[in-house]
Amino acid sequence: MNKTLITCAITGAETTRGDNPNLPVSPEEIASASYDAFLAGASILHLHVRDDDGNPTQDVPIFKKTIDLVRKKCNIVIEVTTGGAVGMNLKERLQPLQLKPDMASLDCGTCNFGDDYILNTLPMIREAAMAMKEYGVRPTLECFDLSHIDTSRVLIREGLLEPPFHYGFVLNVPGGIQYNAETLGIFTRRIPEGSYWTAMGIGGKANLDAIYGAIAHHGFIRVGFEDNVYYDRGILADSNAQLVERAADIARNAGCSIATADDVREMLALEQ
Ligand code: ZN
């Protein structure tokens with residue numbers, strides 16, 4: 001039986017309470033939503049945090065407080081963002097690595113982002129990969145475009161990344177590559193053999209399409225308010241857990257079992 005891994009991106013950097021009033025913002029709310037998502041079948045928490053005003057921050061004490069609260073509730077694998085938010089510099093973005101989380105996102109290239117852009121030059125990507133290596137943190141290699149996979153291969157050749165590799169295909173960011181089944185197939189064939197991957201469809205339609213696409217190609221799934229705030233067309237999701245629950249149902253109906261946090265630790269050889 002295939003095992004499907006579900007990541008939940010609980011809060012993100014750009015989503016606001018105006019987009020969905022159920023967005024968890026404080027460390028307590030994020031921890032509680034993460035626990036509910038864990039109970040619904042999520043085994044990786046993709047974590048962004050916010051300051052007291054609800055703005056995205058890479059502040060270490062806020063990350064620490066949130067991680068400690070999550071840890072008290074469950075053993076979900078914690079992946080911190082190093083993408084941060086638009087406009088943050090690299091030093092700021094890498095700060096939460098000091099806490100030695102299980103995993104971290106590693107953006108593998110520059111991408112337009114609406115009218116803005118997400119900057120990741122090769123030296124910046126190298127620096128981020130080196131920091132993750134130093135702290136023993138497994139990266140999720142986030143690719144917003146096909147060329148980002150080629151960039152990840154440069155880092156592999158340079159010895160900055162070690163297997164097992166876990167890719168995150170970020171599909172449908174406004175400015176990045178759009179989701180369709182054919183594109184997903186090309187991504188899956190382009191990564192090094194034996195790599196794991198998670199499809200991240202941004203926006204309601206792409207998110208649901210990417211879930212089905214990932215299952216068809218034996219990949220993993222990401223859901224959560226960072227990527228999509230809707231349950232159905234025009235209907236907001238009640239919670240992150242509701243989105244995880246649906247993804248888990250779809251996977252089970254396709255004959256997959258849902259990976260536990262311990263499965264993920266073993267699969268991705270995470271440091272204990
Ligand atoms: Zn993120």
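1. A search of the whole structure finds zero disulfides, a disulfide being a pair of cysteine sulfur atoms within 2.5 Å. Cys 74 accordingly takes part in no disulfide, and the nearest cysteine sulfur, that of Cys 8, is 11 Å away. At 9% relative accessibility, Cys 74 counts as buried, where buried means under 20% relative accessible area, exposed over 50% and partly exposed in between, computed with a 1.4 Å probe on protein chains only.

2. This is a predicted model, in which local features need pLDDT of at least 70 and side-chain atom pairs count only at pLDDT 80 or more, whereas totals for chains, interfaces and linings use all residues. Residues are numbered from 1 along each chain as its sequence is written, and side-chain values use heavy atoms, with hydrogens and water left out.

3. For Cys 108, the closest cysteine sulfur is in Cys 143, at 4.6 Å, which is too far for a bond. Cys 108 is also buried, with a relative accessible area of 2%.

4. The zinc ion has as protein donors His 46 (NE2), His 48 (NE2) and, listed twice, Glu 226 (OE), lying 2.1 to 2.7 Å from the ion. Donors are N, O and S atoms within 2.8 Å of the metal (3.2 Å for Na, K and Ca), and water is not among the atoms, so sites may look incomplete. In sequence, the donor residues follow the spacing H-x1-H-x177-E.

5. The angles among the four donor atoms of the zinc ion run from 53 to 128°, and the site is irregular; four donors would count as tetrahedral if all angles lay between 85 and 135 degrees. Both histidine donors are buried, His 46 with a relative accessible area of 1% and His 48 with one of 5%.

Note on methods:
Four donors count as tetrahedral if all angles lie between 85 and 135 degrees; four count as square planar and six as octahedral if opposite donors are over 155 degrees apart and all others between 65 and 115; anything else is irregular.
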